[in-house]
Amino acid sequence: MIKLELLFGLVTFCLWVYCLVEVIQTPEGSIRNLPKTIWLLLVLLFPFVGSVAWLVAGRPDDGPRRASAYERHAPAYPEYDRPGRAAALDPARDDDFLRQVRARAE
């Protein structure tokens, strides 16, 4: 039982040190939900709860953004480079549609 408590204490300490260093090194503008000083105090005063809260709600979201099924992956035109721009799922049908529009316009 004592080994389990010692292991939990060691894991909590390592998590606390990791989160403390990460809060200090993260730029102010990229921290989510609370100001940096509040996160620092939260992690310092409540080691386990503050560290878990930092990992869940405070860390910057720097991961690559996944495109939805309706977004273009390789835009053909720069004006279509906006994130969230809807695109056809089937490029062959999109080309057929554009061909029909050009034919009607002429």
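**Exercise 1.** How are α1 and α3 oriented to each other? Work it out on this predicted model.

*Solution.* Start with the geometry: α1 and α3 pack at an angle of about 50°, and their axes are 9 Å apart. Now bring in the cut-offs: under 35 degrees would be roughly parallel, and 65 to 115 would be roughly perpendicular. The angle fits neither class, so α1 and α3 are oblique to each other. For the handedness, α1 passes α3 in a left-handed crossing.

Next, list who touches whom. From α1 come F8, T12, L15, W16, Y18, C19, E22 and V23, and they meet P47, F48, S51, V52, W54 and L55 in α3. Sorted by class, that contact has 11 nonpolar, 2 polar and 1 charged residues.

**Exercise 2.** Take T12 and E22 from that contact and find out whether each is buried or exposed.

*Solution.* Begin with T12, which sits in helix α1. Its relative accessible area is 13%, and the cut-off for buried is under 20%, so T12 is buried. Across the chain, T12 and V52 are 40 residues apart, with their C-alpha atoms separated by 9.9 Å.

Then do E22, also placed in helix α1. With a relative accessible area of 15%, E22 is buried as well. Leaving out residues up to four places away in sequence, E22 touches W54, L55 and R59.

**Exercise 3.** Repeat the orientation analysis for α1 and α2, and say what kinds of residues make up their contact.

*Solution.* First, pin down the helices: α1 covers residues 2-25 and α2 covers residues 36-45. They pack at an angle of about 165°, with axes 10 Å apart. Anything over 145 counts as roughly antiparallel, so that is the label for α1 and α2. Here α1 passes α2 in a left-handed crossing.

Now the residues. On the α1 side you've got W16, C19, L20, V23 and I24; on the α2 side, K36, W39, L40, V43 and L44. The tally by class is 9 nonpolar, no polar and 1 charged.

**Exercise 4.** Which residues of α2 and α3 meet, and at what angle do the two helices pack?

*Solution.* Geometry first: the angle between α2 and α3 is about 140°, and their axes lie 6 Å apart. Then the contact list: α2 brings W39, L42, V43, L44 and L45, while α3 brings P47, G50, S51, A53, W54, A57 and G58. These residues split into 9 nonpolar, 3 polar and no charged.

**Exercise 5.** How many aromatic pairs does a search of the whole structure find? Describe two of them, F8 with F48 and W39 with W54.

*Solution.* The search turns up 3 aromatic pairs. Look at F8 and F48: their ring centres are 5.6 Å apart, the planes make an angle of 55°, and the pair is tilted. Along the chain these partners are distant, 40 residues apart, with F8 in helix α1 and F48 in helix α3 (residues 47-58). As for accessibility, F48 has a relative accessible area of 40%, so F48 is partly exposed.

Move on to W39 and W54. The centre-to-centre distance is 5.6 Å, and the planes are 75° apart. Planes over 60 degrees apart count as edge-to-face, so that's the class for this pair. W39 belongs to helix α2 and W54 to helix α3, 15 residues apart, and the pair links distant parts of the chain. To finish, check burial: W39 and W54 are both buried.

Definitions and conventions:
Residues numbered from 1 in each chain as written. Predicted model: local features only at pLDDT ≥ 70, side-chain atom pairs only at ≥ 80, totals over all residues. Heavy atoms only, no water. Axes fitted to C-alpha atoms, helices over the stretch in contact; angles between N-to-C directions. Helix = DSSP H or I, 4+ residues; strand = E, 2+ residues; numbered from the N terminus. Left-handed = near helix turned anticlockwise from the far one by under 90°. Contact = heavy atoms within 4.5 Å. Nonpolar A, V, L, I, M, F, W, Y, C, P; charged D, E, K, R; others polar. Phe/Tyr/Trp six-rings, centres within 6.5 Å; stacked < 30°, edge-to-face > 60°. Buried < 20%, exposed > 50% of the residue type's maximum accessible area, 1.4 Å probe, protein only.
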